[in-house]
Structures are given as structure tokens and as C-alpha cells.
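User: I'd like to go through this one with you and ask how you back up the labels you use. Could you show me the structure to begin with?

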Amino acid sequence: MIQRIDNRFAGIFFLVIGLFTLYGVSAQDEKPIAPVGRSYALTHVNIIPSPGKKIEKGTVVMKDGLITAVGTNVSIPSDAIIIKADSMYVYAGFIDGLSRTGVTKPKDEPGQQRPKDPGNPPAERAGITPQNDVRNWLNPSEKSVEELRNLGFTVSQVVPYGHFLPGTSAVILLSGKSSDDMVLVDQSGLYSELTGAQFIYPNTVMAVMAKWRDLYRNAMLTKNYQAMYVTNRNALLRPQNDRVLEAFYPVIDQKTPVVFKAEGVLEVQRVLTLKRDLGFSLTIGDLREGFLVLDKIKSSGAKLFLSLDLPDEMKKDDKKPKDKKDSIKTGTKPKTALDLEKEGLEKRKKESIARLTAQAAEFSKAGITFGFSALTAKTKDIPSNLRRMIAAGLTEEAALTALTTAPAKLLGLDDRLGTIENGKIANLVVSDKPYFNEKAKVRYVFVDGNLYQLESKAPAKPDSKTVAKGSWSYTTETPNGSNNGKLTIKDDNGNLSGTILNSMGKETELKEVQLSGSTLSFTFEFSMGGNTQKVEVSVKIDGDTFEGTLSPGKFGNFPMKGTRDPK
Amino acid sequence: MKKILLILICFFSLSAQAQDKGSMLIKNGTVLTVTKGTLPETDVLIKDGKIAQIAKNIPAPQGVKVIDAKGLFVMPGIIDPHSHIALDAINEMTSPVTAEVAESDVVNPLQINIYHALAGGVTTIHALHGSANAIGGQCVTLKLRYGTFSLDAMRMEGAPRTIKFALGENPTRVHGGGSNIVPRTRMGVEFVIRKSFSDAKKYMEDWDAYNKNKSVKGFRGAPPAYNLRLETLAEILKGNILIHCHSYRADEIMMLLNVCKDFGIKKITFQHANEGFKVAPELAAYGAMASVFSDWWAYKFEVYYSSAYNAAILTKNGVVTSVNSDDPEMMRHLYLEAGKTQKYGALTDDEALALITINPAKQMGIDARTGSLEVGKDGDVAIFKNHPLSIYGVPQFTIVDGIVRFDKASDPADMRLWADPKQNLDEATFYEKGTDHCMDGTEFLFTSDKK
């Protein structure tokens, strides 16, 4: 497949090396191949230079990380490695508008004491560290870089871990040897979430929003005074330095946007309220329920990245086996009010899932520009989620736009990214069939002119055994903010037991621990004001993560997520 | 099934334009205006969300919906001055003073209990911050325009700002007991409030001084640090935010009256005020108001000295008094709660109805817009079969801004606006009386294993 049009000895030598290196990499531990000159030519390939356009049997030439020629009548430089991509499809590399790809998660510090005055905690405990820079946590060997790149993504806007105001974001290439190597744009935005701290100020969403206004207005005043001081340094009191407030200055100057994660219909409106009150320019990432207030979002002028995550599809005959069993036992029983209630809810949930899946289609039909964000999506589900969105009415052209030209524009990088054109950064994805075809496989990805070849892997066995045993870190979201803690599951020859440690440092024994298929369920009790409350938990384990609900009886159901602690 | 779906779709598409104002003619009802007497066989015409005319035999304008209210009772939409529904957060319990936080930021228009409240004739609520803090957060006045996903559409535009204060056991338990900081005692609560007002006064003075001097030659000062908490407290001192204070005992009510007097604050409503009857003349003399339960008490030590005659005694002493629910269930029958004052205190129909209409409107500062059926006011109406103060009273229609938001004859089983794919079935739960929601979000402080 790969040849080198060069009959010099050195050419043959490099050809051998090139072949060896290319075939020697597996999807597991691939490394960028950087032959001399980094010169490549993709030949006989179906080029999709931009959404809606197509060049059949064309050639794309790259050199030193840039695209140097595109078309059918292109001369191939003598030093180029030729990749015969006959009948394959090449697209501009995909762009993810918000995620933590390549960002190392700082270690949790469990067992922290509640501050003596919970109303006035140190800024770091409150989640107020806007002066932090995601570049400090970037690591090109993070697994997430390779995983997302293998799908054809070449660029991500990434943000630090944390809540409220964790720090500034950066636009990175999913390639490179070091943090600085990866960065395309540093401090691309000020990242924020409307998530409070646990049991300390600001705890609730309303306090987070109040503190946001307080910080922003303080920063405006401080900035103005600093400007005044510069012009009159002998006459005025010297202003104090404040890194937290200074982090807002580029936002106040409208040089960078605030990048907010906002999934739900209420959360996104709260973010828009802050924008309206304070006047900053806004990027919204990970949006899921935006279609419920589409006009409001459209008129806000915010830049949008819709979530690539979708709720699981409901299986058609989820309950049938159970019902069968029951009906054999009891004969055909008339439906109770509870049955009808359940059926009604299931029907509504199905409708909701359909609408959530059609969000991108609705935005596209309304003429709104948007990209996608991978922040909370399971990477392996992204291609099938895109296909579900297309099945729900998003055109393939619009899907491709949202993966390439639209995010390039939203990030202000359309001069360098988003299309296959001369002079653009050599970010490409090559698939053996049209990308949105169910059977399509990504064969090559170029990032910044570096080639990554993917082996066609046999799909992972679906029946790989779920392991519940081990130590897990979990988080739950309740109306009072998020909580996290540790979950330990022990397996004694199939008899499961365990403990749960909450964020207050209290450890409780688990009861009724069961693993059925990939679903882990258990209960535990906690005492509150003399009353004992039973809590039911049911989560679905997927490898080293789980997701599910925590149900403390009448208090409702709260989402619970977890990841396996590294051994 | 299809038919139900169709009805649902119609409902949603009708009500999706939430801030739309409707027009309608309510014919031949017994009109309980509350402020202008009771008018038999009278029509009420609502035009573009406002009451346009109240008279006999109003001809129906072309294309306007007509409700035949013959034999029915037409009253102003009920106003609940103390509720915690339609909110995503109730207590920011991390600090004894949180004046800067605002419930208007966390309105949740999707909660089903908004529709339940409409089914009880309620059209407007005062959604309060909880009572964990001596000075809690700002509250929000909501019109129950159920059917909208828009946060803004629920807020009653132009309603004055209000704030929650709290005295007694709740703030001392949360901060003294829970976090081991001031206030641990009732004295501490007074100290916290006085100190906050003093700080706010100084903050205002500092800003005034800065603004006055900044252009003076040779002035070297920097602007004071912006502080949203003190900004908010300053607005209270200026009279731009009304205080609604959770309180029970007569001594603490007198304490806060003295504090208000010292800081020149005139507008205050005492919420609960179970011992309000003991200081009714003092409240009336100050112009302070009271919002009470009809007969709910003894759920903790400071609410043992209580009386079902409270509302009547306060009313007879000239205190503007309302009856509130503090509870989504009780909210659905506030008209019965008001009716109890006729058994305990022999209030007249108008006096009893005022407790859930014009009086709460006065306490919330919206009496020019709602609380009675008068020409020019908002078209917020509840229509009852049988008199609303009788135990046979049943709401038939609830109308907000001239739009029917509840119609008993067309009341689909599933009124959820949105079903989250992750949500489980809401099974019926029964709260025992005594579980108010004022302390939501603070439970963890009182777990038995915590010292």
C-alpha cells in the first residue's frame, strides 16, 4: 500500500524503514511516525474537502505539518511517502469543542477537614482557581488522546478538572511529545461549571451564581483602578495584586469567552442569565437539553458545542421475560394503577430519548451553528451516537459541518482548521467507507502532519466478564451539590459484600450486594436526625467505570457515577 | 390513548407561549372581589391579561373565550406568601449571612407541584429561601405559568425584591450547633443581624465617600472592594428589599422590631409568628405584617405556645395578616386554611379571603397588581364550585394572566412537562406534618453520628 517514488538508494532505505514502522504499530501503542520531511501523499482517495463537496480519485499532499496540494491533477513531490487510499474517504480532522482529553486528573485529597468557617473557605477549597492553566496538566500519553484520535478527532478544546472556576482552557492537537507541543491556542477561554463545593460556600447553585457576579464585578473595578494607577502612579495608592481577579481580565476585555459546561435546560438558562447580567462572551459546552429553549439559546449568540453523549436506547422488550414469568404464575391479571403509571412513564421516557437524540437535527434546522463536545461521552459510543443523530434527522453534511468547519469557526481557527485546503494544518481522517456508514473503519489519522495508522481490530468481545470487585471512587449529584467518596466491593467466591465511605468520612456496611450481568446493586442505611433511611443503589458497570442511580427513598433519585481506582 | 396525547399536545402548544396574556369573559358568577364586596350574577372581562371590566351583562367580544360561571364563585387567584416549590435550591446553609444569593437564579418551572398548586386555585407564590441562616437569600415572586420551560417566564415581572431572615432554633442549630460558629443563641442571632446592617452601612458610607472624593485633587484612595453581600444588605437599609422573617416567639419578634427601628427599616413581614398574637398591637403600631399557619404547631420546642386564633387576633388588631402553606400539600387547600379562621375567630368572609389574597399581596408588595378582582389588575382568577371558604369548595378553573392553567374538566393524568430518561417512578410519599421544607439541605448537620 505504501510506496515511495524514489529510486535512490536512500529512498529504498526509508521505504523499508517506513514500511516497518507503519506495520509495526498496533492500535495499542502507536507512535507518530516522523520520517524526514514529514511528507505524505494520499492518492486515489475520495476527498471531502469541506462538507457537501467531493473530489473523486484525488490526491492530498502534506509537508511539514501543512496541506500543500489538494486535487485530481496534483504532482507528487519526490520525497513524499505515498499512501494509496483507493476507494477510501478523507475528511478534515474532527474537532471536539470541550473535553478533558489528555488532561491528567489531580489526585483527590480525601479526608479533608471541613474548614472552621465553612462560609469563608480558602479559594481553592471553594473551587475558585481561575488563574490555573490546563497546560499544567496536559500529558500527550494520556490514554484519552489516543482513544479520541482513533475516531478521527485531531483537535480538542480541553479544560482542567475541578468545579466552579477550575482554570483556563486550551485548544490542543491530539499529537505531540509534550504539553507545549500539543498546544495550538493557550488560554482559549475561562472554564466554569455551576457546581458548588461540598458543605462549604458556595454550596448551592444560587451561591455559585452570586459568587460569580461578585468576582466578576470586583475584577472589573480592580481592573479599572489598575488602569488608573498606571497613568498616575505617584498620586494613587498602589493596587493589590490578585491572581483570581486578574484571570477575569481577558474575559472583561472580550478577548476570550467564558466556557461553561451546561447540560440541562435549567442549567443553560442560568448560564445565559449570568451572560445577560455581566455581558461576557459565552461558549456553552456539553449541551443536552438545549432544544427545550431553542429560541432563547439562538438569540443569546452563545457559541455552542452539543454533547456527543446520548441516553441509552430503551430496549423494546426489556420487561417481557419478567412479565411472562408473572403471567404464568398468576394468570392474566388486570393492570393496576401502578402498572399504568409505569407504562406511561416508560412511554414519556422514550419520547424524551427521541428528542434528546434529535437535538442536533433541531438546531441544524433552526439554522444555528454548533460543534460537538466529547466531555461526558463514552469515546467508544461516539460513532454510533453520531449515527443515531443522523437517523433522527441530522443530515450527514450537517454532522460533518459540526465536526469540522463549524467548530473551527467557533474556536476562531477556521484559517487553519476545518477543511482540506492548501495551507491548512495537516489534520485528516481517512476511513475505508464513508465515515457515517456503520461499517466504516478509520484507517489513518493525520494530526499536524503526523501519521497514525489504525489496524482493523476485531471488535472487543461483548461478553467480557464484568468485575465489581475492587475499590471505586464515586460521585453523586444531589440538589445540594455533588458528593463523592469511596466504594469497596469484596468478592468471596461469588458472595459480594462491601462498604461505602461518604465525603463526611463515614463508612457504612453494604447490604444486598448483587451483580447481575453488568448491573451492580446494593443498599445501605444512614441515620438522619434519629431516623434511619434506606438507600438503594443500582449501577451499570462498563469496564472501569459505572453509572446509575442512588435512591434514598422518598428523597428521589440521584445520578451516581464511579471509576475504578488504579491498583 | 391517542386522544389523550392530542389533548396534551394541544395543551403544551397553547401554553408554550408562557408570557402571553389571554382574554376571556367569565359570565354570571358570584364575584368575590375581596376589596369591593360580593357581586351576584356578575361578569368579569379579562383583556390581554388584565381585568378590563366587572359588570352585569357584558357582551362577549368577538373571538373571546367565555366561561359560564353560573352558580360558581369567582375569586382572585390565591397567593401563597410562603412556599418552597419551583426551586432547585432552598438553603445556602454554609454561612449565617447569605444576602447575596437569590432564589430567582434557581427557579425550576418543571416541578409538577406547580400544577398541583394551580389545582388548588393558587396563581402566585412567594418562593422563599430557607430558614437556616439569620440572613438568608433573596426570595422570588412567581406566577404559576405552568407549561413553560423558561425560567424568566415564571417570575412575576416588576415584583419588589424580598429577602428571608430567620430567628430562633433553626439558625442557632445550623451554625452554632452544626458548624460551631456564631450564632449559637438568640442573642447571637441579634448580633449577626446588627453586625451585618452596621457593615452594610459602613460599606455605603465608604462608597459614598469614595465617589465624592475621587475627583478631588490630591485624593489617594482606592475604591472599596465590591461586595455583593453588602450591596444587598445596603438595599435593605435603603428600603428597596422587603424583609420576610421566619420567627415564632414574641420576644424575638420584638427584638427584630427594635433592630429595624434602630436601622430605619420600615417594611417587614414576620413569617410563621406563632406567638404573633401576643404582640399584635406592637406589630400594628410599627406597621409590621404577619404571615401565619392556621393551626400547625408543636413540631419543635419554640412552637408550643400557639393558637388557632392567631390569624383572627392579629387581624382584629389591625395587623395585615396572611395564611401560608410552607408546604406543597397544604398549598393545595389554602382556602380551607383561611376558612378555619371563621371557626376560630369568626372572621367575615372578606376578612378570611383577604388572608390568602390581598393581604399576602400587600406583604409581597404586589397589591397594586393582584390580590383582588378590580379593573386594571392582573387577570388572575380562581373559580370555585361552592364557596371557597366552605368545606365543599372545589376549584374548577385557575386562570393566570387571562390564560386557563387549570381546568378540572380537562385534567390529563400526566401533566409532567419533561420526563428525564433516567427518572424512576415517583411513588406516593406521605409526609408527616412537622416536616416543613424550611430546613431542606441542612439535614447532614444533624446526623446522629455527628458531634
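Analyst: What follows is a short round of questions on a predicted model.

User: What makes you call Leu245(A) buried?

Analyst: It's a count. A residue is called buried if 20 or more other C-beta atoms lie within 10 Å of its own. Leu245(A) has 22 of them within 10 Å, so it gets the label buried. Leu245(A) sits in helix H5 (residues 243–246) of chain A.

User: Which residues is Leu245(A) in contact with, leaving aside neighbours within four places in sequence?

Analyst: Leu215(A), Asn218(A), Ala219(A) and Thr222(A). The cut-off for a contact is C-beta atoms within 7 Å. As for Val268(A), it is 23 residues from Leu245(A) in sequence and 24 Å away in space, C-alpha to C-alpha.

User: Why is chain B called as compact as a globular protein of its length?

Analyst: Set two numbers side by side. The radius of gyration of chain B is 23 Å, and the globule rule gives 22 Å for 451 residues; those values are close, so the description holds. Buried residues make up 51% of the chain. Its C-alpha atoms fill a box of roughly 70 × 55 × 45 Å along the principal axes.

User: How do you know that strand S5 of chain B is mostly covered?

Analyst: Of the 5 residues in S5(B) (residues 72–76), 4 are buried.

User: And what makes you say S5(B) pairs with S14(B)?

Analyst: Two strands pair if DSSP finds at least two bridges between them. S5(B) and S14(B) (residues 381–385) have 5 bridges, in the antiparallel sense, so they pass. One of the partnerships is Phe73(B) with Phe384(B). Strand S1 (residues 24–32) of chain B is joined to S5(B) by 2 bridges, so that counts as a pair too, this time parallel. There, Val31(B) has Val74(B) as its bridge partner.

User: How far can I trust chain B, and which stretch has pLDDT below 50?

Analyst: Chain B averages a pLDDT of 92, with 92% of the residues scoring at least 70. The stretch you're after is residues 1–18 of chain B, which has 13 contacts in the model beyond near neighbours in sequence. Where pLDDT is low, the predicted coordinates should not be read in detail. The model as a whole scores ipTM 0.92 and pTM 0.84.

User: Last one: how many residues does each chain bring to the contact?

Analyst: Chain B gives 46 residues and chain A gives 53. On the chain B side, that's 19 nonpolar, 15 polar and 12 charged residues.

Definitions and conventions:
Residues numbered from 1 in each chain as written. Chains lettered and ligands numbered in written order. Predicted model: local features only at pLDDT ≥ 70, side-chain atom pairs only at ≥ 80, totals over all residues. Contact = placed C-beta atoms within 7 Å. Nonpolar A, V, L, I, M, F, W, Y, C, P; charged D, E, K, R; others polar. Buried ≥ 20, exposed ≤ 12 C-beta atoms within 10 Å, placed from the backbone. pLDDT = per-residue confidence, 0-100. Rg over C-alpha atoms; globule rule 2.2 N^0.38 Å.
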